[in-house]
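The report that follows goes through side-chain pairings, backbone features and selected residue environments. It is meant to be read alongside the sequence and the coordinates.

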Amino acid sequence: METDGHQRIRYGMVGGGEGAFIGAVHRMAAALDGDYALVCGAFSSDAERGRRSGTALGLDPARSYPTLDAMLAGERALPEGERMQLVSIVTPNHLHAPAAIAALDAGFHVISDKPMALNLAESRAIAAAVERSGRLYGLTFTYSGYPLVEEARVRVARGDFGAIRLVQVEYSQGWLSGPLDREGNKQAEWRTDPARAGLGGCLGDIGTHAFHLAEHVSGLAVEELSADLTTHVPGRRLDDDVAALLRLDGGARGVLKASQVAAGDENGLRLRIHGERGGLDWSQMEPNTLTLRWLDCPAEIVRAGGPGLAPSTLAMLRTPAGHPEGYIEAFANLYRSFGRAVRGGATIPPPRGAADWFPGISDGLRTMAFIETMIENSAGAQKWTRLAPT
């Protein structure tokens, strides 16, 4: 189980069995660089489905466990050189916190799908478990793993556009325009169920991605927000459309829009940032292009693999210019960075902007605070609500 002269990181997965979408994405991302080996899993709350999932993935039947607790106990009983080293959590949101805390307390690193938990209180409990365990915790805010998102962040940070004035982020989907959640669609069912999804529907699912991307690239923290949460589909229990005005530090202003009822839209995540001298424009559906527009000179098109890219951007690229890279590769960049931190014995992520940075506890707490502040403001009469530091 070696690659490039080093042992692959042994990992187990919670969730991600038959019929799941995101578990397969995580497995592909972990496999892309040959850094990881899936050795065990508790793939489903249905023990038989979990067993079938393990068989389909070629696992030893003895390491396809019926529950997370069984997996943690079974793996801890194995010799250190055979047991898993980390747990990948790809369940619906309501299981993120209990799974993460149990795995950390059992001595395993954790990489989790987002959002971090159901609410900020659960997120703080995860942070406490990280602190007492001394283990790593990572979150797959996927879009921060795109090379040209990193290029955009670098160009803002080095002052290419001058002081930032405007931050505009939009995440537009249409797949929940109808009542799929009442028609047997498994992905829609749990995402619109407050008990499993948490406080926010569209807000927690894709609004957190938009918020994280905006702060990550701009380097600015949202200080106050004014929110509007809407549920368009009759009978739906969580929001399916959200908007917010943002006040960021340094005096910048922002707009965030996220919707899952924009009928006909696919995965329209777009970020625009403008400063005194110019701005940038990046879209997830055309991820290998970054457009730069200037106040007093022609626009520029920056391409993945092309000339003039920052070293940290180049480190995230895998193919020559003109060869499409996208969602799986962005996920894989986060897994690769997390794996390097595991091998290096780190207990916290590198600082933002450092080589092999990945989202961690601070990103999780920040996005959960964003969800709760959005809900508080939208439900109340107050025009602006402070988004407190976490």
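Arg 153 is buried in this predicted model, with a relative accessible area of 12%, and its partner Glu 150 is buried as well, at 8%. The side chains of Arg 153 and Glu 150 meet in a salt bridge, with 2.9 Å from N to O. Both residues belong to helix α6, where a spacing of three residues separates them by about one helical turn.

The count of salt bridges in the structure comes to 25, and three of the pairs are set out below.

| Basic residue | Acidic residue | N to O distance |
|---|---|---|
| Arg 153 | Glu 150 | 2.9 Å |
| Arg 247 | Glu 224 | 3.2 Å |
| Arg 352 | Asp 363 | 2.9 Å |

The salt bridge between Arg 247 and Glu 224 has its closest N and O atoms 3.2 Å apart. This pair links distant parts of the chain, since Arg 247 sits in strand β10 (residues 241-248) and Glu 224 in strand β9 (residues 222-230), 23 residues apart. Arg 247 is partly exposed, with a relative accessible area of 26%, and Glu 224 is likewise partly exposed, at 27%. Besides its salt bridge, Arg 247 lies over the face of Trp 384, at 3.8 Å from the ring centre.

In the salt bridge between the side chains of Arg 352 and Asp 363, the N to O distance is 2.9 Å. Arg 352 is found in the loop between α11 and α12, and Asp 363 in helix α12, so the pair ties together parts that are 11 residues apart in sequence. Arg 352 is partly exposed at 39% relative accessible area, whereas Asp 363 is buried at 5%. Elsewhere, salt bridges that share partners join Glu 18, Glu 48, Arg 51 and Arg 52 into one network.

Turning to the rings, the structure holds nine aromatic pairs. One of them is formed by Tyr 11 and Tyr 36, which meet edge-to-face, with 5.8 Å centre to centre and 85 degrees between the planes. Tyr 11 belongs to strand β3 (residues 9-14) and Tyr 36 to strand β4 (residues 36-42), so the pair ties together parts that are 25 residues apart in sequence. Tyr 11 counts as buried at 3% relative accessibility, and Tyr 36 is buried too, with a relative accessible area of 5%. Phe 161 and Trp 294, by contrast, make a stacked pair, because their ring centres are 5.2 Å apart and their planes stand at 20 degrees. This pair links distant parts of the chain, with Phe 161 in the loop between α6 (147-157) and β8 (164-172) and Trp 294 in strand β14 (residues 289-294), 133 residues apart. Phe 161 is buried, with a relative accessible area of 0%. A further group, made up of Tyr 143, Tyr 146, Tyr 171 and Trp 282, forms one aromatic cluster.

Helix α11 (residues 327-343) has 17 residues and reaches 25 Å from its first C-alpha to its last, close to the 24 Å expected at 1.5 Å a residue. The helix is mostly covered, as 12 of its 17 residues are buried, among them Phe 331, Tyr 335, Arg 336 and Phe 338. Gly 345, which follows α11, has a positive phi near 75 degrees. A positive phi also occurs in a residue other than glycine, namely Asp 356, where the value is near 65 degrees. Asp 356 is placed in the loop between α11 and α12 (361-379) and is partly exposed, with a relative accessible area of 27%.

Another backbone feature is the peptide bond from Lys 114 to Pro 115, which is cis, with omega near -5 degrees. Pro 115 lies in the loop between β6 and α5, and the place of Asn 119 is in the loop between β6 (109-112) and α5 (120-133). Asn 119 is partly exposed, at 23% relative accessible area, and a polar atom of its side chain lies 3.2 Å from the backbone nitrogen of Ala 121. Leaving aside neighbours within four places in sequence, Asn 119 is in contact with Leu 199, Met 368 and Glu 372. Asn 119 and Ala 369 are 8.1 Å apart in space, C-alpha to C-alpha, although 250 residues apart in sequence.

Lys 114 is also touched by Asp 205, whose contacts, not counting residues up to four places away in sequence, include Arg 191 and Gln 260 as well. Asp 205 lies in helix α9 (residues 202-218) and is buried, with a relative accessible area of 16%. The side chains of Asp 205 and Arg 191 are joined by a polar contact of 3.2 Å.

Terms used
Residues are numbered from 1 along each chain as its sequence is written. This is a predicted model: local features need pLDDT of at least 70, side-chain atom pairs count only at pLDDT 80 or more; totals for chains, interfaces and linings use all residues. Side-chain values use heavy atoms; hydrogens and water are left out. Rings of Phe, Tyr and Trp (its six-membered ring) pair if their centres lie within 6.5 Å; planes under 30 degrees apart count as stacked, over 60 as edge-to-face and the rest as tilted. Helices (H or I, at least four residues) and strands (E, at least two) are DSSP runs, numbered from the N terminus. Buried means under 20% relative accessible area, exposed over 50%, partly exposed in between (1.4 Å probe, protein chains only). A charge sits over a ring if NZ of Lys or CZ of Arg is within 6 Å of the ring centre and within 35 degrees of the ring normal. Contact means heavy atoms within 4.5 Å. A polar contact is a pair of N or O atoms within 3.5 Å; within protein, one must be able to donate a hydrogen and the other to accept it, and residues adjacent in sequence count only if both atoms are side-chain atoms. The expected span of a helix is 1.5 Å times one less than its number of residues. A salt bridge is a side-chain nitrogen of Lys or Arg within 4 Å of a carboxyl oxygen of Asp or Glu.
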